[in-house]
Amino acid sequence: MGILALAVGFFISYRPTPGGPDPVPGPEDTRRTSSMTPQTPSGKSGDRSEAKTSSSSGVEGSLSVTSNPSGATLYIDGRKFGVTPLTVPGLKQGAYTIRILRLYHEPHEEKVEIRRGERIEKHLELERGKGILSIVAKPVSASVYLNGVKQKRPTPLRVEGLISGLHRVRVEADRYRGQERGVEILPGETTEALFVLEGGNLEYYRDEWHEPEVARKMKEEDVGGLLAKARAASSAGDFAAALRLLEQAASILPGSGAVMESVDLVKTLEADRQRRLDQERAERLLNKGKVLESEAKYEEALAMYKEARTICPDFEGLGPIIARLEDKVRQLTEYRLTGGMVLVPGGFFMMGCSSWAGDCEEDAYPVHRVELDAFYLGKYEVTQRQWKELMNDNPSHHRGCEDCPVESVGWNDIQEFIRRLNKATNKRYRLPTEAEWEYAARGGGKPEKWSGTSNPEKLEDYAWYWKNSGQRARLVGTRLPNGLGLYDMTGNVDEWCSDVYTAIYYRSSTTKNPAGPKSSPFRVIRGGNWNHPGDEIRTVIRYHVTQGARHNGLGFRLALSKDG
């Protein structure tokens, strides 16, 4: 404190050193006399005869002086006359030295020549002076704000070229109380300012530095208020607001046991409430799902059950319900996309054109023994509705009949359909082999000329063909099925098989589950279509097309190995 008092006394008692600028004008310097009598340095009246105006003799002249800024003290040949604007009459002819001084400005001095009977006018522009400010602080490296602007460098700091006048200086340092005061800068002078800051162990809170015990008390009061508000918000069920308040409290008093306990309590209450809400919501969804399930809306019911499980994973008994319904929905989806599959028991049969079938082309010979494992075959040909659901288009020529067989589909189109079907059902659907197709069409290898009958008079009951089709594909399943429960195995549309085609394959066909020759530019199609006569839709007749073939009598049905 002694150093601070000494520094303050220094600035209060400061006066320019000898040899510096003229003394700052006092109150008497602003006084103007009506006689304009010059004052001697001692303050006594000068020679009145020299200053007296004589309008009759015309031997004296006058001097009028203005300045910017005004209020500057005028000296003529070292004697003070007053402050500008000022007119000095009665000056004898001759040369004079005039000097004007004003606080915080550079002094101005020049020679003037007074002639007999003339009035000399002078206007003088004063320049604001500049000085140097040197700031020293304890502790060192304190931050300095000069007229509200933080300086780039800390103390000790020297600021040169500072405009003369009063400047506001504030010095701050962490854990110390800042000091601020005015510092006077005089032209050409170096002003030294010493700041001794109090503290060293202070804490910054509420935008000020405080003694530690004071800051602690203030913080505890604020935290207590925040805890009370958090309790009120929690009681009102606004847990988010309560946690925000507690977060603010924790930032004030980090590690406070009371704050951490309150946070744990609010989070527990919030979790309990959320669990109750989730349980209630899950129960509502479960009830909605049961209603939908009773209405046979199984997919919608399953969506409700799954949403309930997402909301409340530990909902008792929900897992088995979802598993049961997923299986049911999967079955229904599969049935919707395939029309249902018929199990074809495995066995032996004589494949090819026997005498009961009539005359055939050479490619249907020789008749040969074939053994097949059990497999599934589509009950119906794949329909336009099923194709559209998976493929989002309908290539068929005979449109306007969703449950008619899809036609005008090529080999590669069908492979993409099967790929999507397998993804949807998690199974491995495929096209039937030629041997599987003939075995199933003949009701398990029976000697049937057409699928379901060998009686030409009953053919129209089992097949859509040239005689009864009306020259177009017809609804699937509207003729009689064969002995295995398969519809439209002859007629309606030709059906793609998985085999490639050669005319001589039967000569070298394997006995066990034959899959056709290894390579050929052609694919096998079987069954005939709506535009064929009866002889051309016999169960043993073989047809072939290129892999890219598409026409309005060409469709397919699905096959599936027994192991899925």
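This is a tour of selected elements in a predicted model, one selection at a time.

Residues are numbered from 1 along each chain as its sequence is written. Local features need pLDDT of at least 70 and side-chain atom pairs count only at pLDDT 80 or more, while totals for chains, interfaces and linings use all residues, and side-chain values use heavy atoms, with hydrogens and water left out.

**Stop 1: the 4-1-7 sheet**

Select strands 4, 1 and 7, which form an open sheet in that order with mixed pairing. Strands here are DSSP E runs of at least two residues and helices are H or I runs of at least four, both numbered from the N terminus; two strands pair if DSSP finds at least two bridges between them. Strand 4 (86-92) and strand 7 (119-125) are the edges, each with a single partner strand, so one side of each has no neighbour in the sheet. From one strand to the next the twist averages 20° (axes are lines fitted to C-alpha atoms, for helices over the stretch in contact, with angles from 0 to 180 degrees between N-to-C directions). Now pick strand 1 (residues 60-68): its pairing with strand 7 is parallel and runs over seven bridges. Ser64 stands opposite Glu121 of strand 7.

**Stop 2: the 10-9-12-13 sheet**

Move to the open sheet of four strands in the order 10-9-12-13, where the pairing is antiparallel. Its edges are strand 10 (149-150) and strand 13 (179-185); each has a single partner strand, so one side of each is left without a neighbour in the sheet. Strand 9 (residues 143-146) meets strand 10 over two antiparallel bridges, with Tyr145 opposite Lys150.

**Stop 3: strands 18 and 19**

Select strand 18 (residues 347-351), whose side chains alternate. Gly347, Phe349 and Met351 point to one face and are buried, whereas Phe348 and Met350 point to the other and are not. Buried means under 20% relative accessible area, exposed over 50%, and partly exposed in between (1.4 Å probe, protein chains only). Add strand 19 (residues 368-372), which pairs with strand 18 in the antiparallel sense over five bridges; Leu372 in strand 19 is opposite Gly347.

**Stop 4: helix 10**

Which residues of helix 10 are buried? Glu434, Ala435, Glu436, Trp437, Glu438, Tyr439, Ala440 and Ala441 are. These are eight of the eight residues of the helix (residues 434-441), so it is largely enclosed by the rest of the structure. Just after the helix, check Gly443, which takes a positive phi of about 65°.

**Stop 5: the cavity**

On a 1 Å grid over the protein atoms alone, a cavity is a set of points where a 1.4 Å probe fits but cannot get out, and lining residues have an atom within 4 Å of a point. Points are joined across faces, edges and corners, and the volume is the space filled by probe spheres set on them. One cavity of 30 Å³ or more is counted, and the largest has a volume of about 40 Å³. Select its lining, which includes Met351, His368, Glu434 and Ala435.

**Stop 6: the nonpolar core**

A nonpolar core is a set of buried Ala, Val, Leu, Ile, Met, Phe, Trp, Tyr and Cys residues joined through side-chain atoms within 4.5 Å. The largest has 22 residues, of which Phe417, Trp496, Phe556 and Leu558 touch the most other members. Helix 8 (384-391) and helix 9 (411-425) each supply at least two residues; helix 9 gives the most, with five.

**Stop 7: Ile537**

Finish at Ile537, in the loop between strand 22 (522-526) and strand 23 (542-546). Ile537 is buried, with a relative accessible area of 0%.

Note on methods. 1 Å grid on protein atoms, 1.4 Å probe; cavity = no way out; pocket = protein on both sides within 12 Å on 5 of 7 lines; lining within 4 Å.
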